[in-house]
Structure formats: structure tokens, C-alpha cells
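Q: I would like to learn how to read buried residues and ring pairs in a model of this kind. Could you take me through them with care?

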Amino acid sequence: MKKLLAAIVAVAMILSLTAVPAFATTRDVVTFSADSVTAAPGETVQVVVRIDGDYECHGLTVKAETDTSVLTVESHENGEVLGGVPGGSFAMVDVTPEGYVSVGVMCATTPFSGSGTLVIINYRVADDAQPGTYDVHLNVTKFINMPLNGPQTDIEFTTEDGSVTVEAEVVTPEPTEEP
């Protein structure tokens with residue numbers, strides 16, 4: 001009887017050291033990124049904010065922060081990732097009082113996932129913008145998985161900021177008549 005019990009305990013110990021594939025999931029780090037574009041003073045440019053990776057998200061808050069004295073939000077539209085948020089969930093894109101674009105998602109039960117476009121932002125470059133590169137900084141303050149009756153966990157992510165490079169206005173001299 002003691003030998004049988006010892007064998008059962010040995011097998012149980014060996015199995016406890018083995019990862020069962022159904023429970024051992026690995027996920028890539030999710031990346032939030034924004035385009036880098038070039039414009040002249042007075043032009044409107046489009047910056048696409050994307051998400052890429054394997055995740056299941058119940059809560060997300062991300063802001064695209066810029067120098068609002070140079071870049072003004074003219075409009076924005078949801079990308080296909082926000083369009084795929086499950087029914088009964090809340091997804092909103094808005095412009096904050098500071099002039100930043102803010103994306104918020106809250107899924108009560110079913111999480112959202114998927115790689116692709118999160119939001120498309122149209123910025124107007126100020127007429128008096130000085131040549132230079134102006135960052136589009138992605139500030140992710142919440143990116144969580146919170147299954148029903150389960151613990152809330154932060155989802156690992158990285159950000160790749162974009163930018164708008166304002167080029168000097170090219171002035172073409174008007175032809176003059178030769179005497």
C-alpha cells in the first residue's frame with residue numbers, strides 16, 4: 001500500500017511540473033502606433049493610430065497628445081478595431097478640452113480584440129507653424145483584461161509615437177520682365 005501511495009505521489013509531482021498547453025498561453029506584447037507624416041503650414045494631414053498584437057481587452061483609455069498650438073484636430077473617425085467592439089460595450093472617441101484625441105472602451109462581459117486601425121485623426125497644421133517635427137504622443141493609461149468573476153490584469157504593451165513634420169513653405173519667385 002505504501003508503494004502504491006508513493007507511486008501516485010511521484011506521478012502527481014511529475015505532472016505538476018509539466019505545463020499543459022491548454023493552460024500555458026503566451027501572448028505577444030501589444031503595440032500602439034501612430035503614423036509619421038509631412039505637411040506644409042495650412043494643410044490638413046491624416047494620422048492613423050493602430051493597435052497590433054494578441055490580446056483580449058475589457059478596458060482601454062488612450063490619448064493622442066500633440067502640440068495644440070501647431071496641430072488642431074479637424075475631425076476623427078473610428079477605425080475597424082473600434083467598429084468590432086462587441087454589442088453591449090461602450091466605445092467613444094472624443095476631443096479633450098486640451099485639444100487631444102481620446103479613445104475610451106469599456107466591455108462589461110465580452111472583450112474586444114484585433115489588430116488594425118483604432119482611430120483616424122485629421123489635423124490642421126497652423127498657418128504660422130514653424131518648420132520642425134511635432135510629436136503625436138500616444139499616452140495609454142488603461143489597457144486591461146477583466147473577465148467576469150476573474151481578476152483584473154494589465155495587458156503588456158509598447159507605444160510607437162508618430163509625428164507631423166512641418167516643412168518650410170516653398171516660395172516660388174514670380175517671373176520678372178527683362179528690360
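**Reading Phe143 and its surroundings**

A: Phe143 has a relative accessibility of 3% and therefore counts as buried, where buried means under 20% relative accessible area, exposed over 50% and partly exposed in between, with a 1.4 Å probe and protein chains only. This is a predicted model, in which local features need pLDDT (the predictor's confidence in each residue, from 0 to 100) of at least 70 and side-chain atom pairs count only at pLDDT 80 or more, while totals for chains, interfaces and linings use all residues. Residues are numbered from 1 along each chain as its sequence is written, and side-chain values use heavy atoms, with hydrogens and water left out.

Q: How many aromatic pairs does the structure hold?

A: Rings of Phe, Tyr and Trp (its six-membered ring) pair if their centres lie within 6.5 Å, and planes under 30 degrees apart count as stacked, over 60 as edge-to-face and the rest as tilted. The structure holds five such pairs. One of them joins Tyr55 and Phe143, whose ring centres are 5.5 Å apart with planes at 55°, so the pair is tilted.

Q: Which kind of pair do the rings of Phe143 and Phe157 form?

A: Their centres lie 6.1 Å apart and their planes stand at 80°, so Phe143 and Phe157 form an edge-to-face pair. Phe157 is partly exposed, with a relative accessible area of 31%.

Q: Which residues form one aromatic cluster?

A: The cluster is made up of Phe32, Tyr55, Phe112, Phe143 and Phe157.
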